[in-house]
There are 4 protein chains.
Amino acid sequence: MQVTITEAARRKQIIDAAVEVIADLGYAKTSFARIVERAELSSTRLISYHFADKNDLMMAVLISSVGTLDELLNARLEGLTGRAEMLRAYIEVRVELLRTHPKQLRAITEVADNHRAADGSPMFAPLLTDFRVGRMERQLRQGQREGVFAEFDPAVMANTISSAIEGVARSGLPLDGYGRELADLFDRATRAAAQ
Amino acid sequence: MQVTITEAARRKQIIDAAVEVIADLGYAKTSFARIVERAELSSTRLISYHFADKNDLMMAVLISSVGTLDELLNARLEGLTGRAEMLRAYIEVRVELLRTHPKQLRAITEVADNHRAADGSPMFAPLLTDFRVGRMERQLRQGQREGVFAEFDPAVMANTISSAIEGVARSGLPLDGYGRELADLFDRATRAAAQ
Amino acid sequence: MQVTITEAARRKQIIDAAVEVIADLGYAKTSFARIVERAELSSTRLISYHFADKNDLMMAVLISSVGTLDELLNARLEGLTGRAEMLRAYIEVRVELLRTHPKQLRAITEVADNHRAADGSPMFAPLLTDFRVGRMERQLRQGQREGVFAEFDPAVMANTISSAIEGVARSGLPLDGYGRELADLFDRATRAAAQ
Amino acid sequence: MQVTITEAARRKQIIDAAVEVIADLGYAKTSFARIVERAELSSTRLISYHFADKNDLMMAVLISSVGTLDELLNARLEGLTGRAEMLRAYIEVRVELLRTHPKQLRAITEVADNHRAADGSPMFAPLLTDFRVGRMERQLRQGQREGVFAEFDPAVMANTISSAIEGVARSGLPLDGYGRELADLFDRATRAAAQ
DNA sequence: AATGAATGAGCGTTCATTCAT
DNA sequence: GATGAATGAACGCTCATTCAT
């Protein structure tokens with residue numbers, strides 16, 4: 001059961017089509033049939049062949065999209081040292097990703113919000129939230145210790161920043177300037193008084 | 001043609017069951033069959049009898065939930081005069097509603113985010129967003145004119161506040177103190193320098 | 001259970017709406033719901049109240065339409081004596097009815113052709129055909145005895161004339177002149193050689 | 001994408017069963033369930049697997065039936081040269097087909113007459129009529145130019161012949177001799193005076 | 001003379017998945 | 001590495017009809 005090059009390419013093709021369908025139609029209207037149309041495959045059988053089940057495919061979509069974006073994000077943030085500087089950069093890059101990778105971002109949200117177990121419990125949302133928010137919370141807490149940031153609940157602040165960024169797409173507002181504006185906003189909200 | 005008492009009661013029964021199912025299972029897993037189970041009706045036929053189609057039911061769910069919550073919200077905000085005071089109260093009440101009306105709030109989000117036309121375009125989300133955000137944006141703009149609020153983009157700020165509130169549920173954080181913390185956060189982010 | 005004026009009026013209202021729906025949508029797409037829309041009634045319940053079942057309504061549609069048209073037809077034919085003259089007039093009037101009563105004619109055809117018992121056997125078609133064709137066949141036979149018509153199978157001729165008239169609507173050809181042309185055609189086909 | 005042997009056989013099996021059901025029960029009472037019974041398939045799902053939707057199946061029924069019969073018809077008519085001779089042969093063969101292929105003929109009529117778009121407009125009838133009648137009209141017109149046929153409106157005559165043939169089945173009359181009788185009839189109706 | 005409320009059965013269609021090559 | 005063929009279950013929706021006033 002070795003993974004050949006073709007196998008990997010096929011999986012990527014299917015995942016990419018799934019990302020597009022999810023971004024365009026939303027999770028609820030996404031089906032194997034729609035993905036097959038988008039990827040111009042012969043039948044849904046091919047998806048079942050390469051992925052154990054729908055859950056497996058959705059996980060792959062999530063891993064692929066999150067992986068791609070986190071890699072870009074990390075590349076853009078490396079080398080930054082100051083906490084406030086990092087926060088600003090993080091927000092601006094996240095908003096910038098909306099312009100360069102809107103489909104992946106939509107797909108991540110759709111899958112995380114809507115993919116559930118049979119009993120209705122969300123499968124990926126908690127992990128994803130922990131992943132994103134947990135990291136930021138630690139940064140904020142460290143910044144408070146360093147005296148860069150004011151007193152506030154780091155968990156609430158981290159979650160608020162995360163939600164604010166997710167909310168950018170929903171707003172339909174023009175993206176130019178949005179990142180800077182948002183960075184300014186959270187700078188005011190976090191900055192220690194006598195910086 | 002005219003709405004009888006029995007008819008209204010049945011509709012309410014179905015809508016309430018729908019709200020619960022949507023809140024518990026999410027929009028994608030909600031079906032007439034699940035609603036029938038929850039409401040202990042005889043068959044899905046009864047839903048089709050009282051609502052033209054799925055779209056009609058979802059609209060009713062939205063109108064019912066938004067109406068209930070907005071009524072409560074307005075009751076709690078009336079009599080407040082200062083812009084900053086109003087903003088604080090708005091945020092705290094919205095968070096408080098999460099404790100008292102979690103199902104309605106979840107249902108609103110689920111339906112607004114996921115109910116779409118056949119081509120995938122959202123049907124209710126834009127209206128709902130305009131409604132909520134537009135009102136707040138006008139308040140912020142007025143506050144800036146009055147010198148209560150600092151310089152910032154009111155559209156971005158309104159959208160950020162709205163997103164932040166919607167993100168509370170997702171966080172899974174304890175609600176006590178969350179409202180106050182969030183109010184403090186946006187107070188710092190909006191307040192004019194000469195406080 | 002006396003038949004009041006209102007009762008009769010209501011039945012007529014429903015029958016007329018049914019005729020229109022059948023003519024417009026065809027028998028297969030006709031339902032109580034569509035008739036209710038057309039007649040602007042409150043619910044299908046009203047149809048079930050005035051007619052025992054679908055079969056009863058369809059019978060009423062047929063009786064009403066056939067009755068109306070036969071009355072007109074007979075009025076136009078009375079006083080004619082010559083067999084050939086009568087045949088010509090019959091054909092021309094039948095074609096003329098297409099212009100003045102297209103809906104009734106379509107409804108008759110639709111119901112006669114498509115309304116069936118549960119086992120698929122037609123319910124009205126044979127009677128209607130017998131009624132129309134039988135009468136004409138007797139006229140033709142009499143004309144042959146009188147030496148006005150040539151030798152031909154009267155049953156086949158009667159059925160052919162009937163079919164030809166029914167086929168006018170299907171042709172989509174302009175009606176002016178069609179009746180005369182058809183009358184000429186069957187005059188040539190029936191006329192004795194040395195008239 | 002490509003049509004396999006099994007696929008073609010299955011489609012044929014379903015189409016043939018559909019033809020029988022339509023011929024026996026009529027279009028309005030035909031459903032996937034009835035076809036499944038006739039073809040002894042496992043479930044209606046199998047029909048949906050092989051045909052995009054009901055419309056697709058009906059089109060296939062029409063194409064299959066019309067194709068089969070036209071092939072037979074053309075084979076029987078080839079080699080004939082005289083216009084009058086051709087007309088006679090055409091009519092007689094069409095009537096003969098009623099004996100050998102009654103189900104296909106009924107199915108064609110049922111589908112053409114009753115299959116409609118959502119708004120009630122017929123989907124196949126106009127094309128089918130044009131196809132059949134148009135061809136005959138051209139033959140008649142040519143015959144007139146050649147002096148074989150008398151003066152008459154070729155469009156009306158073509159439509160009348162077509163209707164007369166369609167009306168044979170409806171008559172319930174014995175078929176032996178019917179074809180010849182009908183051919184004689186239209187021979188008299190079309191033949192030029194100087195025969 | 002009419003209505004409100006409800007219903008069982010059936011419709012065509014779509015879902016992700018599986019068997020057998 | 002891929003496919004053809006098929007499937008059980010569920011979907012939202014419409015049908016004519018009935019019960020109880």
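Visitor: How many salt bridges does the structure hold over all chains?

Guide: Side chains of opposite charge can pair when their charged atoms come close. In this predicted model, the structure holds 74 salt bridges over all chains.

Visitor: How far apart are the closest N and O atoms in the salt bridge between A:E92 and A:R88?

Guide: The closest N and O atoms of A:E92 and A:R88 are 3.5 Å apart. Both residues belong to helix α5 (residues 83-100) of chain A, and because they are 4 residues apart, about one helical turn separates them.

Visitor: Are A:E92 and A:R88 buried or exposed?

Guide: A:E92 counts as partly exposed, at 26% relative accessibility. A:R88 is likewise partly exposed, with a relative accessible area of 26%.

Visitor: Which residue forms a salt bridge with C:D24, and where do the two partners lie?

Guide: The partner of C:D24 is C:R38, and the closest N and O atoms of this salt bridge are 2.8 Å apart. The pair links distant parts of the chain: C:D24 lies in helix α1 (residues 5-25) of chain C, whereas C:R38 lies in helix α2 (residues 32-39) of chain C, 14 residues apart. C:D24 is partly exposed, with a relative accessible area of 31%, and C:R38 is partly exposed as well, with 35%.

Visitor: What parts of chain C does the pair of C:R132 and C:D70 tie together?

Guide: C:R132 forms a salt bridge with C:D70, in which the closest N and O atoms are 3.7 Å apart. C:R132 lies in helix α7 (residues 125-145) of chain C and C:D70 in helix α4 (residues 54-77) of chain C, so the salt bridge ties together parts 62 residues apart in sequence. Both C:R132 and C:D70 are buried.

Visitor: Which residues of chain A are joined into one network by salt bridges that share partners?

Guide: The network consists of A:E20, A:D24, A:R38 and A:K103.

Visitor: What does the UniProt annotation say about residues 14-60 of chain A?

Guide: An unreviewed UniProt entry annotates residues 14-60 of chain A as "domain: HTH tetR-type". In the model, this span is 70% helix and 0% strand, and its end C-alpha atoms lie 10 Å apart.

Visitor: By what turn and shift can chain B be laid on chain A?

Guide: Two copies of a chain are related by a rotation about an axis and a shift along it. Here, a turn of 180° and a shift of 0.1 Å along the axis lay chain B on chain A with an RMSD of 0.1 Å. The two copies are therefore related as by a two-fold rotation axis. The same surface serves both copies, as 98% of the contact residues of chain B recur in chain A.

Definitions and conventions:
Residues numbered from 1 in each chain as written. Chains lettered and ligands numbered in written order. Predicted model: local features only at pLDDT ≥ 70, side-chain atom pairs only at ≥ 80, totals over all residues. Heavy atoms only, no water. UniProt positions renumbered as here; feature names shortened; annotations may be inferred. Helix = DSSP H or I, 4+ residues; strand = E, 2+ residues; numbered from the N terminus. Salt bridge = Lys/Arg side-chain N within 4 Å of Asp/Glu carboxyl O. Buried < 20%, exposed > 50% of the residue type's maximum accessible area, 1.4 Å probe, protein only. Least-squares fit on C-alpha atoms with pLDDT ≥ 70 in both. Contact = heavy atoms within 4.5 Å.
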